[in-house]
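Me: I'm new to this structure and would like a close look at just one part of it. Could you pick a single helix and walk me through what surrounds it?

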Amino acid sequence: MKKHISLTLSFLFIISNISCQKEKKSDDKSIPVTEEITPETANDTINWYTELCEMNSKFDTSKYTKKQLKDTHHLWFGTSGYISFNGYPVFNLEDKTEPITVLEERYAEGKAELENLEIVDLPYWNNLKKLKLQELKSFYDHQKLALSAYSNLSLLKNTSYNPKAKVYVDALVSGDSLKMIAAWKKLNEEQKANNGSPENVEKKFQSRLNSQQCLEYAKMDLFTFGWSNNTIKTCKECKVLENTEIMYQEYKKLFISTTEECSEP
């Protein structure tokens, strides 16, 4: 009987041991394994436009902010080196001229607007911003000089201009009425050749030529169309700003994808 009990206890011990081993293996399998999960890139969209198209683009928010993209679009599409300033008569002698303080205020405003743009930090756009500032400064310097030179025509002698404008500059600086009228007539022929309605150009010219203020009109036209329109830009690098197609392509590169809706030209 004792032998039977001993065998039974031994059998139970073996079964118990096997059960523990199974539980141990089962516990080993329950240990969790942490897998590395890469978060998805956060995207956003922005609407922008060109002359004929409206765009909707998707961009990576880890690279650019919406403000940066809007300011970069404004740098490309919404700014220019032009300053609205009437410092001397352009089309009519009766035009009200503005003091130089107005020019300085508008230049300061335009400069501040450009400098405060938060554009994307890429070489192309940083250089474009630099050139836009140079273009604005170049226009400001020209307008400032023009305002002074209209009252003191001798200042024109030391300016840079297209060689074909020399006859107009010489006539202005001379103060000789006959030279001014002769140069004015030459300028009128040049304008007629480049105008779709030469008869209207001639009609306007004859009306001014026969007026009592003919010399003032001669000065105004020679100064505006003879000299001012033929001056050479001090910012030679600014020529690249005329290629808006490259700006468009560079801007489009900032996005993951773009859909567009365009109207007929």
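**A close look at helix 9**

Reply: Let's take helix 9, which spans residues 244-252 and has Met 247, Tyr 248 and Tyr 251 as its buried residues. These three sit on the same side of helix 9, because the arc they cover around the axis is only 100°. That fits a general rule: an α-helix has 3.6 residues a turn, so residues three or four places apart point the same way. Keep in mind that this is a predicted model.

What do the buried residues of helix 9 pack against? Their partners are three strands, namely strand 1 (43-49), strand 2 (53-60) and strand 3 (257-262), along with helix 2 (66-77) and helix 4 (123-151).

Helix 9 also helps to line a pocket, the second largest one, at about 380 Å³. Of the 20 residues lining that pocket, Glu 51, Trp 76, Phe 77, Thr 244 and Glu 245 are the closest to its centre. Helix 9 gives the most to this lining, with 4 residues, while strand 2, helix 2 and helix 4 each supply at least two. By class, the lining divides into 9 nonpolar, 5 polar and 6 charged residues.

Helix 4, one of the packing partners of helix 9, leads on to the largest pocket, where helix 4 gives the most to the lining, with 7 residues. About 660 Å³ of space lies in that pocket. Its lining has 28 residues, and those nearest the centre are Phe 139, His 142, Gln 143, Ser 228 and Thr 231. By class, there are 11 nonpolar, 13 polar and 4 charged residues in the lining of the largest pocket.

How values were computed:
Residues are numbered from 1 along each chain as its sequence is written. This is a predicted model: local features need pLDDT of at least 70, side-chain atom pairs count only at pLDDT 80 or more; totals for chains, interfaces and linings use all residues. Side-chain values use heavy atoms; hydrogens and water are left out. Buried means under 20% relative accessible area, exposed over 50%, partly exposed in between (1.4 Å probe, protein chains only). The arc is that of the directions from the helix axis to the C-beta atoms. Contact means heavy atoms within 4.5 Å. On a 1 Å grid over the protein atoms alone, a cavity is a set of points where a 1.4 Å probe fits but cannot get out, and a pocket is an open set with protein on both sides within 12 Å along at least five of seven lines; lining residues have an atom within 4 Å of a point. Grid points are joined across faces, edges and corners, and a volume is the space filled by probe spheres set on the points. Ala, Val, Leu, Ile, Met, Phe, Trp, Tyr, Cys and Pro count as nonpolar, Asp, Glu, Lys and Arg as charged, and the others, Gly among them, as polar.
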